[in-house]
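Got the viewer open? Let's take a walk through this one, selection by selection.

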Amino acid sequence: TATADIVTATRKDCLVMPMQGLTAREVEVDAELRYVPPPEPVEGSIVPVVTASQRQSLKELEGVFLLRDGRAHFHPFRYGISGDMDLEILDGLAEGDEVVIGPYQVLRTLKEWDRIAVDDKRQAEDAMRLRRKRR
């Protein structure tokens with residue numbers, strides 16, 4: 001028997017985010033395959049049903065939900081090295097972006113423009129974990 005730690009890649013001084021923020025969505029894309037966010041819903045409007053032909057024009061993208069003005073906004077990004085708990089950000093996110101994290105099942109039900117309440121206690125605990133990890 002043996003016990004081993006296998007390191008496949010390392011990177012210093014990179015931007016990381018918790019893996020609990022990663023999700024995927026079938027979304028509308030433009031001709032260059034860039035995400036086209038849906039317009040802000042009008043109060044009292046009915047969300048249209050996606051038809052089979054419309055669904056064929058959608059593309060599944062990995063991304064995160066960012067918190068902006070108290071609402072969730074889906075944002076595709078590229079990541080590199082993935083660890084046990086974190087992802088290296090290559091492109092599409094910046095330092096200071098507020099990423100919505102949570103159980104995968106909850107993130108799968110989150111929609112563009114949903115209102116988000118911040119759990120300040122949990123946010124402080126996550127910040128402490130990241131500070132300890134950087135040491």
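Start by selecting D30: at a relative accessible area of 25%, D30 counts as partly exposed, because that label covers everything between buried (under 20% relative accessible area) and exposed (over 50%), using a 1.4 Å probe and protein chains only. Before you click on, note that this is a predicted model, where local features need pLDDT of at least 70, side-chain atom pairs count only at pLDDT 80 or more, and totals for chains, interfaces and linings use all residues. Residues are numbered from 1 along each chain as its sequence is written, and side-chain values use heavy atoms, with hydrogens and water left out.

Now add R34. Its side chain meets that of D30 in a salt bridge, 3.2 Å from N to O; the term here means a side-chain nitrogen of Lys or Arg within 4 Å of a carboxyl oxygen of Asp or Glu. Bring in E32 as well: R34 and E32 form a salt bridge too, at 3.0 Å, N to O. E32 is exposed, with 54% relative accessibility. Through shared partners, D30, E32 and R34 are joined into one network.

How many salt bridges does this rule give? The count comes to three. For another of them, select R11 and E88, where the closest N and O atoms are 2.5 Å apart. This pair links distant parts of the chain, 77 residues apart: R11 sits in the segment before β1 (16-18), and E88 in strand β6 (residues 86-91). Strands are DSSP runs of E, at least two residues long, and helices are runs of H or I, at least four, numbered from the N terminus. Is E88 buried or exposed? E88 counts as buried, at 5% relative accessibility.

Next, the inside. Select V27, V29, Y35, L61, F65, L67, A72, F74, V100, L107 and L110: these eleven residues make up the largest nonpolar core, meaning a set of buried Ala, Val, Leu, Ile, Met, Phe, Trp, Tyr and Cys residues joined through side-chain atoms within 4.5 Å. Two elements, β3 (59-68) and β4 (71-76), each give two or more residues to this core, and β3 has the largest share, with three. Apart from it lies another core of eight residues, including L22, F77, L87 and I89.

Zoom in on F74. Leaving out residues up to four places away in sequence, F74 touches (heavy atoms within 4.5 Å) T23, R25, V27, Y35, L61, E62, G63, V64, F65 and E112.

Last stop: M128, in helix α3 (residues 120-134). M128 is partly exposed, at 40% relative accessibility. Draw a distance from its C-alpha to that of L67, 61 residues away along the chain, and you get 20 Å.
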